[in-house]
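Colleague: I am new to this structure and should like to understand the terms used for it. May I see it before we begin?
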Amino acid sequence: MLRADTDDPRVVIVELCKLFYTLGWAQGTGGGVSVKHKGRVYMAPSGVQKEMIDPRDIFVLSEDGATVLEGPRLTRNLKLSECAPLFCNAFTLRAAGACLHSHSTWAVLATVLDETSREFACTQLEMMKGIPGVGFYDVLRVPIVENTARECELTERMAAAMQQYPSTYAVLVRRHGVYVWGESWQKAKSIAECYDYLFRAAVEMKRMGIDARQAPKNNLSTITTSKI
Ligand code: ZN
């Protein structure tokens, strides 16, 4: 069972994968989780049912992700995730402690709210405060990169977006999903939940005819109560 103080990266990955499956972030073998621990990178395998992996199925890589130090048990013939270089972007460019990849429907829909835009934006939603450095009255921006035929080909686009948006903790991939990171697995989990909430809120607001990018026209400070 996952506890807030669990620090065994294999257990963390297995339990987070189960949790993310229940959230709809890792259906059909999609999505993934990677954790950096004591100078090593731990990663779930590719193309497997993420909610059914075992701690023995986890790959262990060098800190730069270039070398596989330990493979999973041989009987399952597992492959390293195509997301590996993308996860490593978060470790090398942001000194992250964990990075996750979600195929959440809300993340996908957030990328098509405006197909001409290269960023997702929203303002004045309380859950924005769950993203480090973001306040209620700020505009939260998340870069959107275009999808590619193979996931590993996204590596450079993701890195360029991270450099262009130095305060972001996520990169959306159009019609595909999102990569989210944090300084620890606990923070990455919480930040990812906040982003997912905001993506959903923006999609639902659009359905209601409200643009999440715009501040409300009538802030409470300007509303005068009418006499009954
Ligand atoms: Zn993916």
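Modeller: The protein carries 27 positive and 25 negative side chains, and the centres of the two sets are 3 Å apart. Lys and Arg count as positive and Asp and Glu as negative, while His and the chain ends are left uncounted. Each charge is placed at NZ of Lys, CZ of Arg, CG of Asp or CD of Glu.

Colleague: On what basis do these values rest?

Modeller: This is a predicted model, in which local features need pLDDT of at least 70 and side-chain atom pairs pLDDT 80 or more, whereas totals for chains, interfaces and linings use all residues. Residues are numbered from 1 along each chain as its sequence is written, and side-chain values use heavy atoms, without hydrogens and water.

Colleague: Why is T6 called buried?

Modeller: Buried means under 20% relative accessible area, exposed over 50% and partly exposed in between, with a 1.4 Å probe and protein chains only. T6 has a relative accessible area of 12%, and is therefore buried. Of the 228 residues of the protein, 47% count as buried.

Colleague: Which residues does T6 touch, not counting those up to four places away in sequence?

Modeller: They are M1, V11, V12, W185 and Q186; contact means heavy atoms within 4.5 Å.

Colleague: What makes the pair of R3 and T6 a polar contact?

Modeller: A polar contact is a pair of N or O atoms within 3.5 Å; within protein, one must be able to donate a hydrogen and the other to accept it, and residues adjacent in sequence count only if both atoms are side-chain atoms. The backbone nitrogen of R3 lies 2.9 Å from a polar side-chain atom of T6.
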